[in-house]
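Biologist: Let us walk through this model together. Which parts shall we look at?

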Amino acid sequence: MTRVLYVAYPLLTVSCEAAGGAEQVLWTLEREVTGRGVLTTVAASAGSQVSGELFATGESCTHPDDYDRRRAEHEGRVMEFIRQREREGKAFDLVHDMSGSFWRRAAEIGLPVLATLHLPRSFYSPESFENIPANVSFNCVSQSQARSFSDLANMIGVAPNGIAQEKFAADSGGDAQQNSTDRSDRNRQGLIWLGRICEEKAPHLALEIAERAGFPVTIAGQVYPFSYHQQYFEREVAPRLKAVPNARFIASPSFEAKRSLLREAQALLITSLAEETSSLVGMEAAASGTPVVAFRRGALPEVVRDGVTGFVVDDVSGAVEACSRLESISNAACRAHAEENFSSTRMADGYTQLYARILQAGTQMAIGA
């Protein structure tokens, strides 16, 4: 039976309530893979919730700008854990690195490592891809991201992100479910922005769009424990929340709160200024029957089908104009698109294929040796 070790980002916990996209993907993928009979272990911060085994590497970040210390602690304990399992005769077959950094130490272990690149190319230093260990393979999460990494010799393929769609489905069944959904769609009000509160995600632009379009707006998200994130919130977001009519802020919403917000909104705004590699919240909105108005950045046109599940726009003015056309988007079409394209099963299929390719290549190398 295959044993897979997942290595999480060191600062945050893994759970269905996680605010970070990489943590949500890891939680969803590990649950699917465990259900397929793979023995999974997740190396993550204490308090994480996983389907298989949890190896807690320490406490999650408790004060700002603690990344370097926590990363060193996290990676050191993961390395020793791998060696311990080898001594016990329970060696892992594959390490799947979701942390963004552990793969750089792959030369210290004799296992194949798959490193998922969650971020835009520009977010990585050029030195990150120098002297890549021979046992490392990379994957991207969208086609647009893969194009930016086309020069990377260790790139094995693309595995698009997916979500646990059943968590966003209506609660009742059959015709009653459809009738309930229809009623809730008719009662939708206002705009919602959901995500990590930071400059590149630009929630301040969502407030500007809502004000100019004349819509109520809810900004819901988490300010991470980094000083520059906190400074951005105080400088750009807090004053606008006070100035924009019918604007409200919900800090670190629970999963249930997020689900309700998506179901009740007329549209989700995605105002990111970064070349996004994916958009879980865009997928969650579609699964909730909620149209999305998104900037044309990175993979967002892959997630939002323009004119069908929302609108892809070039700037604030385009977003304001798109808000006047929201009634042309079918809530049912949004749900159907999500079911076809964003399922966790589809994501797990993609990763299972990548795992098989990596393990097969490792077997062939061993035979050749």
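**Cores and helices**

Modeller: Start with the largest nonpolar core, a set of buried Ala, Val, Leu, Ile, Met, Phe, Trp, Tyr and Cys residues joined through side-chain atoms within 4.5 Å. Of its 50 residues, Tyr 6, Leu 29, Ile 192, Leu 268 and Tyr 351 touch the most other members. Buried means under 20% relative accessible area with a 1.4 Å probe, protein chains only. This is a predicted model: local features need pLDDT of at least 70, side-chain atom pairs count only at pLDDT 80 or more, and totals for chains, interfaces and linings use all residues. Residues are numbered from 1 along each chain as its sequence is written, and side-chain values use heavy atoms, without hydrogens and water.

Biologist: How do the axes of α5 and α10 cross, and are the helices oblique or parallel to each other?

Modeller: Helices are DSSP runs (H or I, at least four residues), numbered from the N terminus. The axes, lines fitted to C-alpha atoms over the stretch in contact, with angles from 0 to 180 degrees between N-to-C directions, come within 9 Å and cross at roughly 50°. Angles under 35 degrees count as roughly parallel, over 145 as roughly antiparallel, 65 to 115 as roughly perpendicular and the rest as oblique. So α5 and α10 are oblique.

Biologist: How many residues of helix α8 are buried?

Modeller: Helix α8 spans residues 280-287 and is mostly covered. Among its buried residues are Leu 280, Met 283 and Glu 284. The buried count is eight of eight.

Biologist: Which residue with positive phi follows α8?

Modeller: Its phi is near 80°. The residue is Gly 289.

Terms used: Helix = DSSP H or I, 4+ residues; strand = E, 2+ residues; numbered from the N terminus.
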